[in-house]
Amino acid sequence: MAAALTITSLLTLWPSVASGTTVTVTVGNGGFVFTPSSVTIHPGDTVRWTWSSTGHSSTSGTPGHPSGLWDSGILGQGAMFSHTFNTVGSFPYYCTPHGACCNMVGTVRVTSVMPTPTPPPTPTPPPSGPGTAIVADFNGDGHRDWVLRNAGTRQTAIWYLNNNVRIGAAFGPTLPAGWGLRGAADFNSDSHPDYGLFSSGTRQTAIWYLNNNVFINGLFGPTPPSGWALIATADFNANGKPDYVIYNAATRQTAIWYLNNNVFVSGLPGPTLPAGWVLRGVADFNGDGHPDYALFNTATRQTAIWYLNNNVFINGLLGPTPPSGWALVAAADFNGNGKPDYLLYNAGTRQTAIWYLNNNVFVSAASGPPLPAGWSLVGP
């Protein structure tokens with residue numbers, strides 16, 4: 001601890017761009033975690049790590065690949081270590097003993113201005129998963145289809161669409177009690193989308209492998225840590241394998257868990273959502289080959305696109321605002337022009353609509369098929 005405090009005192013003499021503030025990150029509080037795992041600061045600000053348990057480090061870089069910017073060394077409970085950030089950028093770091101094995105990683109983002117959008121805060125962060133619709137091409141015809149859910153029976157159904165027109169339907173598998181549908185992607189590379197499931201009680205995940213609407217078999221996936229939930233699936237690192245987006249509703253932090261089928265490979269922190277905003281879709285809006293976040297503000301109905309490079313926030317733009325009673329529930333290319341569109345849903349009337357976009361700009365709209373009573377596009 002004395003060595004750490006000596007380093008801290010020396011750092012206070014290092015020249016900085018401006019007189020900044022100090023942000024505290026707790027190390028090893030309740031497990032192999034940095035709390036919070038991602039912080040956003042400005043040039044001249046300082047991050048102070050405080051050790052809640054013994055045997056951890058704060059080391060710049062990624063597990064196994066230190067960048068050399070800072071290294072606290074392995075310290076014990078009660079120790080402190082600080083580093084002042086004078087340049088804009090994203091600075092990943094990890095715990096030397098537990099970064100590779102246990103995904104004990106964090107990120108410091110240094111920005112010159114606040115990222116957009118910056119909506120007003122709300123007292124309680126809303127959940128980010130259950131309000132999202134599941135969209136995928138289940139019958140392999142090149143058109144995105146919808147998954148409907150019946151909350152009373154836990155039955156799913158696939159509605160086959162051509163753009164905004166329903167051309168057929170079939171029942172899908174019934175979800176087990178306590179489990180929710182959080183994504184659809186081809187996990188086993190057989191060209192058929194599969195269900196990504198999450199149990200809110202146990203935090204367990206599972207992959208249900210499908211052939212069109214038919215259940216073939218299932219495997220358990222990795223379990224997010226306490227406080228985190230699976231909310232979306234997409235291929236973020238462009239290796240052809242779907243990954244998990246997990247979310248912490250208390251801190252509004254997201255993280256990307258990279259998978260090989262149902263097996264956890266590695267993880268990185270993603271951007272922290274602003275208060276009052278939820279993630280409702282993942283798609284490549286600007287055509288750069290990287291999936292982006294589609295965000296929805298449940299209070300103002302404003303939408304926004306956060307452009308990403310893998311797990312790193314690049315910049316953001318506001319999108320169109322749905323009318324009263326309507327919510328953004330998914331993002332996908334419905335008209336086959338290579339540009340993702342919005343799927344909107346009115347829970348009161350069970351009406352659907354598709355808003356066609358060019359990047360973040362509204363182009364036109366079309367009504368979708370209304371849902372029957374007892375069925376919804378969104379659910380647990």
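Student: What volume does the largest pocket have?

Tutor: In this predicted model, the largest pocket has a volume of about 790 Å³. Its lining is made up of 38 residues, and those closest to the centre of the pocket are Val-135, Arg-144, Thr-233, Ala-234 and Val-282.

Student: Which elements give two or more residues to the lining of the largest pocket, and which of them gives the most?

Tutor: Five strands are to be named here: S10 (134–136), S14 (179–185), S18 (228–234), S22 (277–283) and S26 (327–332) each give two or more residues to the lining. The most comes from S22, which gives five residues.

Student: How do the residues of that lining divide into nonpolar, polar and charged?

Tutor: The lining of the largest pocket holds 19 nonpolar residues, together with nine polar and ten charged ones.

Student: S14 appears in that lining; in what order do the strands of its open sheet stand?

Tutor: As a general idea, strands of a sheet pair through backbone hydrogen bonds, either in parallel or in antiparallel fashion. In the present case the open sheet has four strands in the order S14-S15-S16-S17, and the pairing is antiparallel. S14 and S17 (214–221) stand at the edges with a single partner strand each, so one side of each is left without a neighbour in the sheet. From one strand to the next, the twist averages 25 degrees.

Student: Over how many bridges do S15 and S16 pair, and which residue in S16 stands opposite Tyr-195?

Tutor: S15 (residues 194–199) and S16 (residues 205–211) pair in the antiparallel sense over four bridges, and the residue in S16 that stands opposite Tyr-195 is Trp-208.

Definitions and conventions: Residues numbered from 1 in each chain as written. Predicted model: local features only at pLDDT ≥ 70, side-chain atom pairs only at ≥ 80, totals over all residues. Heavy atoms only, no water. 1 Å grid on protein atoms, 1.4 Å probe; cavity = no way out; pocket = protein on both sides within 12 Å on 5 of 7 lines; lining within 4 Å. Points joined across faces, edges and corners; volume = space filled by probe spheres on them. Nonpolar A, V, L, I, M, F, W, Y, C, P; charged D, E, K, R; others polar. Pairing = 2+ DSSP bridges. Axes fitted to C-alpha atoms, helices over the stretch in contact; angles between N-to-C directions.
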